[in-house]
Amino acid sequence: MFPPRCHYTTCLLLFLLVLSDFTISESQSPWAAKKKRMRDKVRNMFYHAYDNYMTHAFPHDELKPISKTFTNSLSELGNLKLEHLPQDYNGSALTLIESLSSLVIMGNNTEFERAVLWLSENLTFDVDARINLFECNIRVLGGLVSAHLLASDSSKKLFQGAYKNQLLALAEDLGKRFLPAFDTPTGLPYAWINLKYGVMENETTETSTSGCGSLILEMGALSKMTGDPIYESVALRALRKLWSMQSSLKLFGTTLDVATGQWIEYSSGIGAGVDSFYEYLLKAHILFGKEDFWKMFHSAYVAVQKYFRHGPWYHEADMRTGRATYWQLTSLQAFWPGLQVLIGDVIAANSSHREFFHVWKNYGVLPERCFTLLKNITHYVLNWLSQHSTYIKLLKIHGILKSVNQ
């Protein structure tokens, strides 16, 4: 289905060689000017967002661009019902944390250093705020860990002064505040935790597959950097418990109970609620080099291709039977072609990416949810209706079926 792992290094080296040749020849081609225009456009877009955040919203979490005000959104992320919102939480400079690595990519070392110093002197997680573990992990802990790796790399010379691991200290403090969430009978973490007081009384035990299966990268990296194995240990325990809950088809549901270890929602796909679970399995193998992660990903990937894929599209299916449940495109599926490129399944990646791009071109944006599979499912609908002539007569849809078929 895709190249063996032993070919990864060879493929990567060949790609880099081709890219280097292309870059040299490109400087003397019409593409050089276009490349510069695209680069400048991306840079301008970044600074438009960053500068306005710093002007109108910093040090709060996010900018509200129309009103030029702010929202302290860390406690709102994943909180669809907006419950238990804190009254005295004034933000954690969330956008600044998420922008740190982008500043380095843009070559703005001065602003990166200024941001790091401000965070080290002002950011605190000792706040009475109930946050979503998954969102806070990928955004805040991930932002701090990745920025620390950049700041501590002496070869990059990002600091004029001395970097004293301030970001790592913040990351470790946050990681410690995550730990009570894992104190469950199953080892699967609560979806919500209060940064100051831990798990709240009567906290919901419902979480998503992504919520307990997408923690190993940041928590594992934190253990490697601090020398404390606890963060990797709890994340790995949760991941292995989740893995043990797969169906006989090697599929996973979308939501589950962390106290009982039982599935709540059996329908699943590669979109919301489960997307990053697949992503983290592969990237954990790449980052940590452990064979177990590769075996898990390979098994899960084969099952996805067998039960979710329909041509270039991916629908949702019941984890127990493999039968299709929801025929829809969701924006959170769009990462999948990129994941496929990482493993060398380029043909499948190109097929799906072309469809996502087509939808984006048609609507100017990738819809959060789009029922674009009407042509594909018409065949199934007609087959079902042909076996239920009573329903056809009752609904009087002969004319509708004819128009759809045409």
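Helices (H or I, at least four residues) and strands (E, at least two) are here DSSP runs, numbered from the N terminus. On that numbering, Pro 59 of this predicted model falls in the loop between α2 (31-56) and β1 (62-64).

**Backbone features in two loops**

The peptide bond that joins Phe 58 and Pro 59 is cis, with omega at about 10 degrees, and Pro 59 itself has its place in the loop between α2 and β1. A second loop, between α5 and α6 (166-178), holds Lys 157, a residue other than glycine whose phi is nonetheless positive, near 50 degrees.

**Two helix pairs**

The geometry of two helix contacts is set out below.

| Helix pair | Angle between axes | Axis separation |
|---|---|---|
| α12 (residues 336-343) and α13 (residues 346-363) | about 160 degrees | 8 Å |
| α10 and α11 (residues 291-307) | roughly 150 degrees | within 8 Å |

Helices α12 and α13 pack at an angle of about 160 degrees, which means that α12 is roughly antiparallel to α13, since angles over 145 degrees are classed in this way. The crossing in which α12 passes α13 is left-handed. On the α12 side the contact is made by Pro 337, Gln 340 and Val 341, which meet Val 346, Ala 348, Ala 349, Ser 352, His 353 and Phe 356 of α13; by class, six residues of this contact are nonpolar, three are polar and none is charged.

For α10 and α11, the axes cross at roughly 150 degrees, and α10 is therefore roughly antiparallel to α11. Here too α10 passes α11 in a left-handed crossing. From α10, Tyr 278, Leu 281, Leu 282, Ala 284, His 285 and Phe 288 meet Phe 293, Trp 294, Met 296, Phe 297, Ala 300 and Val 304 of α11, and this contact has 11 nonpolar residues, one polar residue and no charged residues.

**The largest pocket**

The largest pocket encloses about 1,500 Å³ of space. Its lining comprises 48 residues, of which Gly 78, Leu 80, Asn 132, Ser 208 and Gly 273 are the closest to the centre of the pocket. Both strands and helices contribute to this lining, with at least two residues supplied by each of β3 (130-132), α5 (133-151), β5 (206-208), α7 (209-213), β8 (267-268) and α10 (275-288). Helix α10 thus takes part in the lining of the largest pocket as well as in the contact with α11. By class, the lining of the largest pocket is made up of 16 nonpolar, 19 polar and 13 charged residues.

Terms used
Residues are numbered from 1 along each chain as its sequence is written. This is a predicted model: local features need pLDDT of at least 70, side-chain atom pairs count only at pLDDT 80 or more; totals for chains, interfaces and linings use all residues. Side-chain values use heavy atoms; hydrogens and water are left out. Axes are lines fitted to C-alpha atoms, for helices over the stretch in contact, and angles run from 0 to 180 degrees between N-to-C directions. Angles under 35 degrees count as roughly parallel, over 145 as roughly antiparallel, 65 to 115 as roughly perpendicular and the rest as oblique. A crossing is left-handed if the near helix is turned anticlockwise from the far one by less than a right angle, and right-handed if clockwise. Contact means heavy atoms within 4.5 Å. Ala, Val, Leu, Ile, Met, Phe, Trp, Tyr, Cys and Pro count as nonpolar, Asp, Glu, Lys and Arg as charged, and the others, Gly among them, as polar. On a 1 Å grid over the protein atoms alone, a cavity is a set of points where a 1.4 Å probe fits but cannot get out, and a pocket is an open set with protein on both sides within 12 Å along at least five of seven lines; lining residues have an atom within 4 Å of a point. Grid points are joined across faces, edges and corners, and a volume is the space filled by probe spheres set on the points.
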